[in-house]
Amino acid sequence: MPSQNNTVSGIDINSVNICYARCNLEERTISSVSVQPLEVDPEDYWQSVTAGFDQLFKQLKLPGENIISSLPGEYAIIKKIILDKDEEDVEGAIDWELSQQIVGSIDEYVYDYQSIVGNGEDTFQHYLVVGYRTTAIDRVTKLLKGKKFHPLVIDLDIFALINLFEMNYPELISDPALIIFSELSRTKLILTCNGSFTDLEIFDHPNEDVTPVDFMNNLDKAIEKLVVCNKEYSDKAPFKTFLTGSNFFQSDITDMLLEKIEGSEILMPFRKISCSAAMDEEKLKSFSTQLCVAVGLALRDSELGLV
């Protein structure tokens, strides 16, 4: 087993599972994966998460692991901010711009930013800025440290999926692509192009008995809204579409979407990335929709993240 100094692990804490993936940094391969189901109590979700970590901890012997964890992207503040090219105090300017666009004080948030490609106008700098409430960051960090983990970065689940897509489908990243990420009661539609975040649309389905037809109707409306709000890509619709998330694990909805949505397929975390985990190929493939965020975190290359 590689030493802990040579590994980084991704942990995805979602509505029904804790998903884990360990990356061997020297070989850039995934050496271990696990999916720990949660006994979800809606009145005490975090107690269920703590119990899930205890089980994962015992199963995999994880003390001292370097961890990159995720938070739900829909609760983040994600803004694209444009500054003058000659702006010298970039951080100060972004701090001021972001403070004008949020409810409450900027002091209640942790945020980070990175430069992104603009539209070719030489007089401007373009930045993607991500903020999250400090209370949520502190809760996850405290939980990880309490289990003897070493948290390096906290990222967004939606960014982890974009990272995974970029690494596994390099031939497709120059065109817009749609990642449909569906969990227990919520589905997120992530539009990405050139390896970057473009837009996010969300719809809820709190009824666990939602039918495939109802799901498809809601999905059609969400896709239509994304196309309308991103007219620069509308001539390329329908987008190449990828399905991931626990709702697509052995589900009738999956079969219907693959049939109805032109050019759709399951997002495969190990299409280009090697995996040496002790799990046979068929089982690994069947769990792929649940492992994508964790693998994307473990393989994270972007500088953008929340500490």
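How many helices and strands make up the secondary structure of the protein chain? Hi everyone, let's start there: the count comes to eight helices and 13 strands. Please keep in mind that this is a predicted model.

Now, the overall shape. The C-alpha trace of the chain spans about 55 × 45 × 40 Å along its principal axes. For 307 residues, a compact globule would have a radius of gyration near 19 Å, and this chain has 19 Å, so the two agree.

What about packing? Here 50% of the 307 residues count as buried. If we take contacts between residues at least 6 apart in sequence, 64% of them join residues at least 24 apart. As for the outside, the accessible surface is about 15200 Å², and carbon and sulfur atoms account for 47% of that.

Let's go inside. Searching the whole structure turns up two cavities of 30 Å³ or more. The largest has a volume of about 50 Å³. It is lined by 14 residues, and the ones closest to its centre are Asp12, Glu183, Gly245, Thr289 and Gln290, so do click on those while I talk.

Which elements give two or more residues to that lining? They are strand E2, residues 17–24, and helix H8, residues 288–298. H8 gives the most, with five residues. Sorted by class, the lining of this largest cavity has seven polar, five nonpolar and two charged residues.

That's my tour, thanks for listening!

Terms used: Residues are numbered from 1 along each chain as its sequence is written. This is a predicted model: local features need pLDDT of at least 70, side-chain atom pairs count only at pLDDT 80 or more; totals for chains, interfaces and linings use all residues. Side-chain values use heavy atoms; hydrogens and water are left out. On a 1 Å grid over the protein atoms alone, a cavity is a set of points where a 1.4 Å probe fits but cannot get out, and a pocket is an open set with protein on both sides within 12 Å along at least five of seven lines; lining residues have an atom within 4 Å of a point. Grid points are joined across faces, edges and corners, and a volume is the space filled by probe spheres set on the points. Helices (H or I, at least four residues) and strands (E, at least two) are DSSP runs, numbered from the N terminus. Ala, Val, Leu, Ile, Met, Phe, Trp, Tyr, Cys and Pro count as nonpolar, Asp, Glu, Lys and Arg as charged, and the others, Gly among them, as polar. The radius of gyration is taken over C-alpha atoms; the globule rule is 2.2 Å times the number of residues to the power 0.38. Buried means under 20% relative accessible area, exposed over 50%, partly exposed in between (1.4 Å probe, protein chains only). Contact means heavy atoms within 4.5 Å. Accessible areas come from the Shrake-Rupley method with a 1.4 Å probe; for residues, only the protein chains shown count as cover.
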